[in-house]
Amino acid sequence: MIQNNTDNYSSLDTSCKTCNSPDCLIHKNSSILFDTSVPQSSTELKCKKGQQFIMEGAPVNGLFFIKSGTVKVFRTGINGREQIVRFAKPCEIIGHRGFGTQEYYSIGAIALQDSQLHYFSKEHLQNILMSNPKFTYDMMLFYANELNRSENKVKSISQMTVRERVIDTLLYIHRKFGDLRGYLNLPLSRKEYADYAGTTEEQVIRVFSALKKEELITAQGKKIGIKDLQLLKKEISDHNYFLDT
């Protein structure tokens, strides 16, 4: 179930100022979503690092929009193994895949850093969808884009070797979070790399060791630095590594 500590929630009376992107679903519809004339149109949730705020299998009761911080989105696979679906950053939505179609969340979500989230209830969103064609259209485009990216990712991953999947994961983290003092700006454990790449921790360690010997990456604990970005891109260029952002 959703962690529902009332001490962590507070009413919002301001529009979204997280980004100014014209492509952001929340930003371009902020006047509707944050309508102060509607009681409890949204709330703000503060999550500590390591706190799970969506439990897989819990009833769907709304969507979450990341205001700050980083979140891990995952689902449980065969034999209870965790499969990381994606890492989410500010201006991204979580919980949308179950909204409107399922009664239960098919994913779980955990804050990897102290995070602030906007929470929109299912009832509030349904009322907007029924009364505002522009938001409904924007939501439809958002889902279409999400579906396209998911299909492209499945196609690419199914044709990759273990080494290519690990490289794809490194490039995905680099594209999404960038560098910080020469290292990827999202420190992850070897297990988390494995859970995203769909392989084992042992295989990730072997691939990292090979990439270090080839002087393509550097490693210091959880910190991974990419030394030759272009060579890594070239190695998986046939798989359209750039499709998943």
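**Exercise 1.** In which strand is Lys72 found, and is Lys72 buried or exposed?

*Solution.* This is a predicted model, in which local features need pLDDT of at least 70, side-chain atom pairs count only at pLDDT 80 or more, and totals for chains, interfaces and linings use all residues. Residues are numbered from 1 along each chain as its sequence is written, and side-chain values use heavy atoms, with hydrogens and water left out. Lys72 belongs to strand 5, where strands (E, at least two residues) are DSSP runs numbered from the N terminus, as are helices (H or I, at least four). Its relative accessibility is 9%, so Lys72 counts as buried (under 20% relative accessible area, with exposed over 50% and partly exposed in between, for a 1.4 Å probe and protein chains only).

**Exercise 2.** With which side chain does the side chain of Lys72 make a polar contact?

*Solution.* The partner is the side chain of Glu82, at 3.3 Å; a polar contact is a pair of N or O atoms within 3.5 Å, where within protein one must be able to donate a hydrogen and the other to accept it, and residues adjacent in sequence count only if both atoms are side-chain atoms.

**Exercise 3.** Find how strand 8 is paired and covered.

*Solution.* Strand 5 (residues 71-76) pairs with strand 8 in the antiparallel sense over four bridges, Val71 having Ala111 as its bridge partner. Strand 3 (residues 52-54) also runs antiparallel to strand 8, joined by two bridges (strands pair if DSSP finds at least two bridges between them). Finally, both faces of strand 8 are covered, since Gly108 and Ile110 on one side and Ala109 and Ala111 on the other are all buried.
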